[in-house]
Amino acid sequence: MYRSSGILCILTAVAVSGDAQGALCSGHDHGLLLNTCDAPVKAELVLLAGDGKVPDISGKPGKQTLVVTGAYTSGEKIEPEGFVLDHGKPYDPYIQGWDGLMLITPDGKLSLHHVARVKFRGTLSNMRDRAQRRAFVARAAQLGLSAIQSHLLITDGTLDVRNVAGAPRFRRRILFSYPGGEYGIYDSGSRALTLFEAGREVLRRYAPLMAFNLDMGSYDYCSLTRNGREEICGRLSRGNTGKLSNVLVFTQD
């Protein structure tokens, strides 16, 4: 079941080359909440318990932390949809139709892939092939990898979503990666866009390699903590997250 998503925060980073990426390092974009040009960022997938309580991030002095909704949540029960690995454990090791796969290592390194071409540490895996997927899941268990699945809006530097007449417009949040491995989160803020419009804007502004859609709409949670002070930058308050099944946590030194 797919629900279109909305948006409000931007986590961006800079690739090793390219005019668009280089501008982000030195520019002052009002949408930049985190920037790996300043300090490294560690990512983590957190699967939430039945109460949907998001992690307490207030006890990290000197850190800047962004928490946002990650994978889609099932409309039938509170659990993430699609292929999911939780720190090596196969929560749901079955691929859905979406083309995007996000991987996170135990030390917080994040990467985006096409499910049919998952290149990770010297191995290329087609997750739509049963044998290759099983081998990948076994390897992921040894490495402690986390993973979620979603739509890709940009694939290998090319817009991968069609302009459909009458497509719904929502606030959008998109995690994108550069060829050098750096990544960011685009957020359309108060603007309601189609997936095509959002993907086209991300491509024009940041020239990324891949772009991965994050869940939004009524599942929009966004929290930014700086200097011990938390700001809610999404639709849901901290006390109203019972419907969430997962969040992504980004911590910057």
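**Entry 1: the disulfide**

I looked up the cysteine pairing in this predicted model and found a disulfide that joins Cys222 to Cys233, with an S to S distance of 2.1 Å. Since the cut-off for such a pair is 2.5 Å between sulfur atoms, I counted by that rule and arrived at one disulfide. I noted where the two ends sit: Cys222 belongs to strand 17, residues 222–226, while Cys233 lies in the loop between strand 18 (229–232) and strand 19 (246–252). The two cysteines are 11 residues apart, and the pair links distant parts of the chain.

I then looked up the torsion about the S-S bond, which is -75°, and recorded the link of Cys222 and Cys233 as left-handed. Are Cys222 and Cys233 buried or exposed? I found that both of them are buried.

**Entry 2: Asp187**

I turned next to Asp187, which I located in strand 15, a run that covers residues 183–187. Its relative accessible area comes to 7%, and because the limit for a buried residue is under 20%, I entered Asp187 as buried.

Which side chain does the side chain of Asp187 meet in a polar contact? I found that of Arg173, at 3.1 Å. The side chain of Asp187 also reaches a backbone atom, namely the nitrogen of Gly189, at 2.8 Å.

As a last item I checked a C-alpha separation, and for Asp187 and Ala198, which are 11 residues apart along the chain, I wrote down 8.9 Å.

Methods: Residues numbered from 1 in each chain as written. Predicted model: local features only at pLDDT ≥ 70, side-chain atom pairs only at ≥ 80, totals over all residues. Heavy atoms only, no water. Helix = DSSP H or I, 4+ residues; strand = E, 2+ residues; numbered from the N terminus. Buried < 20%, exposed > 50% of the residue type's maximum accessible area, 1.4 Å probe, protein only. Polar contact = N/O pair within 3.5 Å; in protein donor to acceptor, adjacent residues only side chain to side chain.
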